[in-house]
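Trainee: Got a minute? I'd like to go through this one with you.
Mentor: Sure, put it up and ask away.
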Amino acid sequence: MQDLVVCVGESCHLNGAEIVVKNFQDLIARNQLHGRVSLKGSFCIGECCESNQVSVRFGDRVFAVNPEDCAAAFSSQVLSTLEPAEEA
């Protein structure tokens, strides 16, 4: 299982972290990734954004996202790096 960590510290909270978390919850469910991706919050992930965005870490990569860009960021930063699910 890989952690998708959203910063919920003061600056990121003001930039829409709550919406980002909700959007990522929906995207994890829509893509049936429960058991493969774990969504977590952190008060600081050590990579503050200067561009009024929310800091997010997936694996060893940190990226910034706006609430309205969650789907594109999820696709490029999460889905594109996951190995295909094993067939049952």
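Trainee: Why doesn't Cys-12 bond to its closest cysteine sulfur?
Mentor: The closest cysteine sulfur is in Cys-7, 3.5 Å from the sulfur of Cys-12, and that's too far for a bond. A disulfide here is a pair of cysteine sulfur atoms within 2.5 Å. By that rule, the count is 0 disulfides. Keep in mind that this is a predicted model, where local features need pLDDT of at least 70 and side-chain atom pairs count only at pLDDT 80 or more, while totals for chains, interfaces and linings use all residues. Residues are numbered from 1 along each chain as its sequence is written, and side-chain values use heavy atoms, leaving out hydrogens and water.
Trainee: OK, and is Cys-12 buried or exposed?
Mentor: Buried, at 5% relative accessible area. Buried means under 20%, exposed over 50% and partly exposed in between, with a 1.4 Å probe and protein chains only.
Trainee: What does Gln-53 touch?
Mentor: Cys-12 is one of its contacts, and others include Asn-15 and Val-65, not counting residues up to four places away in sequence. Contact means heavy atoms within 4.5 Å. Gln-53 is buried too, at 18%.
Trainee: Switching topic: how many aromatic pairs are there?
Mentor: The whole structure has 1. Phe-24 and Phe-74 have ring centres 5.9 Å apart and planes at 40°, so the pair is tilted. Rings of Phe, Tyr and Trp (its six-membered ring) pair if their centres lie within 6.5 Å; planes under 30 degrees apart are stacked, over 60 edge-to-face, the rest tilted.
Trainee: And are those two buried or exposed?
Mentor: Phe-24 is buried at 0%, and Phe-74 is buried at 1%.
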